[in-house]
Amino acid sequence: MKILTRELKISTSSRFQLIDITESVEKIVEESGVRNGLVLVFAPHATASIVLNEHESGLMEDMIQKLVEFTEPGSSKWRHNAIDDNAHAHLGSAFFGQERVLPVVDGRVVRGTWQNIFLVEMDGPRRSRSVIVTVMGE
Ligand code: ZN
């Protein structure tokens, strides 16, 4: 079995931001030479997430709007805000998840037409966010 791990370094420019990393993930799968297996896309962060969805600018804004409504940034009801003003980002990261796993079949990442891979920044801007991509298979 082949296993290849690569780290993407991504700088973010806003507090909330969706960054499309599909192309970078697909390049790593190609580089790995794996024809059939899995690719893990993992953000080693407590205030960011990895999600799959459509790359459409209106929808991307909708997702951020809903994220803000759901996590209530700056709310005084979040205890964590007393020590670090980013409880909303921890909540978002915990509930939306920090990884996705996709099949690799015949050397290609299997995903729906409207499924791009996004890093979700919830506590930016950050100079350097990491995304770990591990490809395993044969
Ligand atoms: Zn915090």
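## Glu72 and its backbone

At 31% relative accessibility, Glu72 counts as partly exposed, since this class lies between the buried limit of under 20% and the exposed limit of over 50%. In this predicted model, Glu72 sits in the loop between helix H2 (57–71) and helix H3 (87–96), and its phi is near 50°, a positive value in a residue other than glycine.

## Other backbone features in loops

Asp106, which is not a glycine, also has a positive phi, of about 55°, and this residue is found in the loop between S5 and strand S6 (108–109). A further backbone feature concerns Pro125, which is placed in the loop between S7 and S8 and is joined to Gly124 by a cis peptide bond with an omega of about -5°.

## The nonpolar cores

The largest nonpolar core holds 22 residues, of which Ile21, Val39, Val41, Ile50, Leu119, Val131 and Val133 touch the most other members. At least two residues of this core come from each of strand S1 (2–10), helix H1 (22–32), strand S3 (37–42), strand S4 (48–53), strand S5 (99–105), strand S7 (116–121) and strand S8 (129–137). Separate from it is a second core of 9 residues, which includes Phe16, Val51, Leu67 and Phe118.

## The surroundings of Leu119

When its neighbours within four places in sequence are left aside, Leu119 is in contact with Ile10, Gln17, Leu18, Ile19, Ile21, Ala43, Ala48, Ser49, Ile50, Arg129 and Val131. Among these contacts, Ile21, Ile50 and Val131 are, like Leu119 itself, listed with the members of the largest core that touch the most others.

Conventions:
Residues numbered from 1 in each chain as written. Predicted model: local features only at pLDDT ≥ 70, side-chain atom pairs only at ≥ 80, totals over all residues. Heavy atoms only, no water. Core = buried A, V, L, I, M, F, W, Y, C linked by side-chain atoms within 4.5 Å. Buried < 20%, exposed > 50% of the residue type's maximum accessible area, 1.4 Å probe, protein only. Helix = DSSP H or I, 4+ residues; strand = E, 2+ residues; numbered from the N terminus. Contact = heavy atoms within 4.5 Å.
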